[in-house]
Structures are given as C-alpha cells and as structure tokens.
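Dear colleague,

Please find the structure for your study below. A description of what was found in it follows.

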Amino acid sequence: MTVIATTRPRAALTEEARAELAALLGDRFTTSLPVREHHGKDESYHAPFPPDGVAFASSTEEVSAIVRICAKHKLPIIPFGTGTSLEGGIAALAGGITIDLSNMQQILRVSAEDLDVTVQAGVTRKQLNEHLRDTGLFFPIDPGANASLGGMTATRASGTNAVRYGTMRENVLGLTVVLADGRVIRTGGRARKSAAGYDLTRLFVGSEGTLGIITEVTLKLYGIPEAISSAVCAFSTIKGAVDTVIQTIQVGVPVARIELLDEVQIDAVNKYSKLDYAVAPTLFFEFHGTEAGVKEQAEMVAAIASEHGGMEFAWAVRPEDRSKLWQARHDAYYAALALRPGSKGWPTDVCVPISRLADCILETKQDLAESNMLAPMVGHVGDGNFHLVYVIDPEKPEEMAEAQRLADKMVGRALAMGGTCTGEHGIGYGKMAFLEQETGDAYAVMGDLKRTLDPDNLLNPGKVVRV
C-alpha cells in the first residue's frame, strides 16, 4: 500500500539560507514555482511535492558546499537526475532543496584497455554510449528512459539487457559520494575485485539518495558484439510464452534480452508505434555474440518456442529495424496511457525466482480478468521481473482503490513465492510498507544505517525507510 511517511516536519527556507545558496550558485539557485513543480514529481501517478528551491550543481565540490549550507540550516536535500523514477523517489515530502545534477555531464575518463569509465552523475546512458561509439565499447544497462547514470546507480536500475549483463549493482565499480554533513568519500575503485573493508559501494547503490548524494560513478564497459540479431515471436497463450522463457534460461542460452508483452500491451504498442504484430502474448528477443553464436542461440530458442505454441519468428537484423523494435518496447508505458487519453499510469513491478514466473504471471492475469481495470503487462522476464501499468483516472477513488488492491495482491503473491516487491522501480515512498514486509528484522538495520549516516534525516526524508 502507498504510505507517505516522514517524521521530519517541513523545514522553512529562511532568507539567510536563500542568500547563502544564491551567493554560491547565482542564478543556478531558483525558487521559481514552475521549476520547483517540475522537480517535485516523477513519471508516475504519485502526487507532486515540490521543493522550496532548486540548486543546479556542476561539480562534486559544489554539491558538498550546497549540502553544508542545507545541513547548517537543517534543510532536507533531494537529489535529482532526470526525473524518470516511478515510486515518488524525488518528491520533496518535507520541503527543502532539490540538488539537480543534470549539469554534471563530464565523462571524466575512459579506459578502453581496462573496460571501464568514470563519469559525473548527470551523464545519461545515451550520452555515454554516443561518446563510446568509436571505441568498440558500450554500456549495456538500459532501463528504457534516457536516465542519468547517477540516478540509475542510486535506484539500482536494470532494464532489458539485465538478463545477460546484470543490473547497476553488478556494473558499478566505484563511487564519489557526498555525505549528509558535506564530507566527500570515494568508494571502491577500478580493480575488478577487492577484499578491502566493507563494501560501501554496494551500500550506496540502490540507496535512492537517502544515505548520500552520488556525484561520480566508475562503471564497467563491454565490447560491442560482433553480431546482434533481434526477433519477435507471438504465442497462442501467455503460459506458452512464459514457459519458453523459463526453458531458455534453464538450458543456459546466453540470450541478451527476453521481453514479454501481453496481448493488451502488444495492441497498445501496435497503435502507438504504428506496428502490425499479431495481437497475442509476444516475446521480443535479442541475441549477442559471434555470427555463429547468434545463429546457434536463435535456432535453440526457436525450437523451444515451437514446443510451446510459438509462431514464426519475425527477424530484425538491420540496426534501424532493431532500433525501431526496441524503441517500441521502451515506449510501452506511453503506449499504455494512449489507450485511455487523459489517464495516468500506476506502474508497479515484482520479481520472482524464474521457476515461479509462470505461476505469478498467470495468477496475476486471472486477477485482472476478474477486475474491470485496464492494466497492460510487460516484463524483463528473462530474470523473473514483470510490470503492470494500471491505466487510471486518479480523480476516481474507486479506480485508485481497485488498483491498490490488485497491486497489494500482486506484491503479496511475489513475496510468498520468494520474490521481491520491486525488481527495478525502487522503493521511494510508494513501496515502503512492502519493503518492511519483505525484509523483516533487516528493516530495522536499514533504519540504523540511515540514522548513523544521516542523523538529522536530511537526505531524501520519507523514502525507503521510516526514521
């Protein structure tokens, strides 16, 4: 259930604090209402909570100075990348200052020999890959939105390539972080393994700005595959599609992407992206490797699909065709909203062990069939992660209540199957109650960590854990 919970009262932006921030940043500090409103909401249905001011930082040193001013005046601090989060993670629930990191767009170092790169937090994934285009390398984590790499790190993002390349958790080597008192620390490094001390890097990856503000990230890079091929395959039943995914993973086919779109979502994608795929449960595939390897992977998956009611593969081999296919997949959220003009999206996700994926999806689909809710389904099912978007009118309490009931039931089902309340959307304030349910006594330990690193509860208060 959605709970807005922060014990921190709304802090006042005093004239003294305003003057200090303006002296530091000039016109890069603003209290303009439109700017504040833009920084108080994300891409979801969650109600907006604008901050009292927005500070546009350009360096780690500036972030540290802003934080010191906020700490002095006990002002809450909310980091902001591109605003594409989905669980209210950037809402200024207690007011305060949003630190916008989007101007921090320097790619500080690329080491092609070591397959790593260091970037400022505001660099976006598309910007990085464009910069790497002539090196033969790429960064594979692709959540769909052109999110900032600092934000992707803070939310432990993943996306369509995670089944092969992992999530941000597996691909972050080191960080520069500004703590709640303004101190700057560096965690991890460029070595691919280390047994030196506590793993502070993993502590901040996924902390959603509640423990520190990430200003620089060192990431793994990968060689661009010799051959890439994508395909679309429709199925007579959603069970056949899901069973194809499960068998593909269990036999060890190193597929790069496997995305599931149910019949409602594929219909929306067809209309929005002007495609003509069969309106049926559908898998989008992508294979990476050598020419021979890609051919072998594709043949194995095609054989598995045929056993489970899969139709003929529709191939997308040319780069422009692959780009069109995956852009359509990334636009699935907006395609869902277009089914009901003027609506809002209530996106939610869960992730379960791959062996329970079919059960979880089929039971969720049955709940939808018994409800009147419009809720297309899409998922990174290769790693057991799937999403619903409840297409709602927030002004209708009965719709909000039904969406909440179904979302609660879906999460409860995933937890009972050994899964998690969120595979990649994060907690924000939208899933705080579920996190407590999922983690049990460990939830209190998270609170202890928060109080230790942020004793005044200044960093993104009201998110992830209640303190």
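**Cavities, an annotated domain and two backbone angles**

The largest cavity encloses about 60 Å³ of space. Please bear in mind that this structure is a predicted model. It holds 2 cavities of 30 Å³ or more, and I shall take each of them in turn.

The lining of the largest cavity is made up of 11 residues. Those nearest its centre are Trp346, Thr348, Gly430, Lys431 and Phe434. Two elements, strand 16 (344-351) and helix 15 (397-416), each contribute at least two residues to this lining. Strand 16 provides the largest share, with 3 residues. Sorted by class, the lining of the largest cavity has 5 nonpolar, 4 polar and 2 charged residues.

The second largest cavity holds about 40 Å³ of space. Its lining consists of Gly40, Lys41, Asp42, His46, Ala47, Pro48, Gly88, Ile90, Ala91 and Tyr429. Of the residues lining the second largest cavity, 5 are nonpolar, 3 are polar and 2 are charged.

Next comes a record. An unreviewed UniProt entry places the feature "domain: FAD-binding PCMH-type" at residues 46-224. Such an annotation may be inferred rather than shown by experiment. In the model, the chain over residues 46-224 is 22% helix and 26% strand. The C-alpha atoms at the two ends of this stretch are 38 Å apart.

Finally, I should like to draw your attention to two backbone angles. Most residues other than glycine have a negative phi. Lysine 74, however, has a phi near 55°, a positive value in a residue other than glycine. Lysine 74 belongs to the loop between helix 3 (60-72) and strand 3 (77-80). Glutamate 208 likewise has a positive phi, near 55°, and is not a glycine. Glutamate 208 sits in the loop between helix 8 (200-204) and strand 10 (213-220).

Is glutamate 208 buried or exposed? Its relative accessibility is 13%, and buried means under 20%, so glutamate 208 counts as buried. How should lysine 74 be classed, with its relative accessible area of 38%? Exposed would require over 50% and buried under 20%; lysine 74 therefore counts as partly exposed.

When you open the structure, you may wish to begin with the lining of the largest cavity, including Trp346 and Phe434, and then turn to the loops that hold lysine 74 and glutamate 208.

Yours sincerely,

A colleague

Conventions:
Residues are numbered from 1 along each chain as its sequence is written. This is a predicted model: local features need pLDDT of at least 70, side-chain atom pairs count only at pLDDT 80 or more; totals for chains, interfaces and linings use all residues. Side-chain values use heavy atoms; hydrogens and water are left out. Helices (H or I, at least four residues) and strands (E, at least two) are DSSP runs, numbered from the N terminus. Buried means under 20% relative accessible area, exposed over 50%, partly exposed in between (1.4 Å probe, protein chains only). On a 1 Å grid over the protein atoms alone, a cavity is a set of points where a 1.4 Å probe fits but cannot get out, and a pocket is an open set with protein on both sides within 12 Å along at least five of seven lines; lining residues have an atom within 4 Å of a point. Grid points are joined across faces, edges and corners, and a volume is the space filled by probe spheres set on the points. Ala, Val, Leu, Ile, Met, Phe, Trp, Tyr, Cys and Pro count as nonpolar, Asp, Glu, Lys and Arg as charged, and the others, Gly among them, as polar.
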